[in-house]
Amino acid sequence: MKHLDLIIIGGGPIGIACALEAKKKGLNYLIIEKGPIVNSLFNYPINMQFFSSSEKLEIGGVPFISKEAKPKRDEALEYYRRIVTSNELNIHLFEKVTEVAKHNNTFTITTDKTSYQSEYAIVATGFYDIPNLLNVPGEDLPKVSHYYKDPHFYAMQKVAVIGASNSAVDAALECYRKGADVTMLIRGPEIGRRVKYWVKPDIENRIAEGSIKAYYNTEVQEIKDSEIVLNTNRGIVSIPNDYVIALTGYKPNFKFLEKIGVQLSDDGKFYPQYNEETMETNINNLYLAGVICGGMDTHLWFIENSRIHAQMILNHIISKQHSEV
C-alpha cells in the first residue's frame, strides 16, 4: 500500500490549487479524480461562459489569459489542464474513491483500483454529481435530463426547461436559438436574481415578446411521454412536450462526508463542520476545500473565493508538521 503525506480527493480547480501548494512545500501528495482533469468543468455546457473574469479564476499565481473578459468553458479546460501537465502534478484520473477510514492517525483511502495511506487528506469534490430531484412521476423517463450539454440536440423539439438560474437561462436561450420550442417552468415569481447581468435582459425580453414561453409560480406535477402536467397559480395545466431539461441545482455528496465522519448541521442545510481559519474538519488532519464547504448553499463558495483554501490548508499542515518535530 502506497504511503503519502497528503491525498487530495477531487481534481477540480481547487484540488489542483491544493496540489500546487503541496508541491511547493515539498509534500509527497496525490490527487485522486474519478473523471478527467476538472471533471465538473468538462461536464458543463459546451458554450458556458463564467460569471467571473479570468484573473479571478487563476490558481497558483499562474495567469489566465482569455479572449474575452469572461472566459468560456473551453478556455478554462485548457488553462487548468496546462497547469496540471506543465507542473507535472501527481494525479490519478478515472479512479473513484470509495472509502476513507482513519486508524491510528493514518488515513486509508480505498478506490475502485487500489488503496493508499496518508497522514493528511483534503476533500475537494465539489457538488455537480448529484442533482436535486423533482420527485414527481415520470422523472425517470428517458426524455428527462438533469444536465445540459449542447443545444443542437433539441432543435425542432418542444423543450421544457425547469429552473430560473444561470444554467436554466443559458439552456433556454441556446435551445431557442437553435430552433427549439422552449417553455421555462419557474417555481418563483421571476427569473433568478443571480443570473448573469449581461444575460438577464436577453431572457426577459425573449419571454416578454413570446419567443420563449414561461410559467411562473409553477411546479411540475407529472411528466408524461408527450406532455407535462403543471400546477400553476391558475390551476392544473398540461402542455405538449418532447424533452425536459430539469436544471434544479445540485448538491455535494453528503453521504460520503457522513461515512467519513464529518459532522453536518441538522437544519436542512447540511453545513459540514470545519475551522474557518484552517479548513480542518471535526476529524483531525482531514480538510475541506471549495464549494463542498457550503452544504446545500452551493452558491456560497466557488473558484473565485475558495481558491484561498489551498494556502490556508497547506500552511496549517506545515505548521502541524513543524510542531511534531
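Two strands count as paired here if DSSP finds at least two bridges between them. With that in hand, take strand 12 (residues 219–223) and strand 13 (residues 227–232): four bridges join them, and they run antiparallel. Keep in mind that this is a predicted model. Here's a quick tour of the chain as a whole, its strand pairings and a few residues worth a look.

**The chain overall**

- The chain has eight helices and 17 strands.
- With 325 residues, a compact globule would come out at a radius of gyration near 20 Å, and the 22 Å of this chain agrees with that.
- If you box up the C-alpha atoms along the principal axes, you get roughly 70 × 40 × 35 Å.
- Of the 325 residues, 50% count as buried.
- The accessible surface adds up to about 15600 Å², and carbon and sulfur atoms account for 49% of it.
- Take the contacts between residues at least 6 apart in sequence: 61% of them link residues at least 24 apart.

**The hairpin**

- Back to strands 12 and 13: they make a hairpin, with three residues sitting between them.
- If you want a spot to find on screen, go to Val220, whose bridge partner in strand 13 is Leu230.

**The parallel sheet**

- Five strands make up an open sheet, in the order 8-15-9-10-11, with parallel pairing.
- Strand 8 (144–145) and strand 11 (213–215) are the edge strands; each has a single partner strand, so one side of each has no neighbour in the sheet.
- Inside that order, strand 9 (residues 158–162) pairs with strand 10 (residues 181–185) through five bridges, in the parallel sense.
- A handy pair to look for there is Ala160, which stands opposite Thr183 in strand 10.

**Two residues with positive phi**

- As background, most residues other than glycine have a negative phi.
- Met156 goes the other way: it isn't a glycine, yet its phi is positive, at about 65 degrees.
- You'll find Met156 in the loop between strand 8 and strand 9, and with a relative accessible area of 74% it is exposed.
- Asn217 isn't a glycine either, and its phi is positive too, at about 50 degrees.
- Asn217 sits in the loop between strand 11 and strand 12, where its 37% relative accessibility makes it partly exposed.

**Arg73, a buried charge**

- Arg73 belongs to helix 3 (residues 73–86).
- Arg73 is buried but has no salt bridge. Asp74 is the nearest side chain of opposite charge, and it is 6.6 Å away, whereas a salt bridge calls for a side-chain nitrogen within 4 Å of a carboxyl oxygen.
- Setting aside residues up to four places away in sequence, Arg73 touches Leu41, Phe42, Tyr44, Pro45, Ile46, Met48, Phe50 and Lys149.

**Asn132, a buried loop residue**

- Asn132 is in the loop between strand 7 (130–131) and strand 8.
- Its relative accessibility is 19%, so Asn132 counts as buried; the cut-off for that is under 20%.
- Beyond its neighbours within four places in sequence, Asn132 is in contact with His146, Thr248, Gly249, Tyr250, Lys251 and Met296.
- Thr281 is 149 residues from Asn132 along the chain, and their C-alpha atoms are 25 Å apart.

Key. Residues are numbered from 1 along each chain as its sequence is written. This is a predicted model: local features need pLDDT of at least 70, side-chain atom pairs count only at pLDDT 80 or more; totals for chains, interfaces and linings use all residues. Side-chain values use heavy atoms; hydrogens and water are left out. Helices (H or I, at least four residues) and strands (E, at least two) are DSSP runs, numbered from the N terminus. Buried means under 20% relative accessible area, exposed over 50%, partly exposed in between (1.4 Å probe, protein chains only). Lys and Arg count as positive and Asp and Glu as negative; His and the chain ends are not counted. Contact means heavy atoms within 4.5 Å. The radius of gyration is taken over C-alpha atoms; the globule rule is 2.2 Å times the number of residues to the power 0.38. Accessible areas come from the Shrake-Rupley method with a 1.4 Å probe; for residues, only the protein chains shown count as cover.
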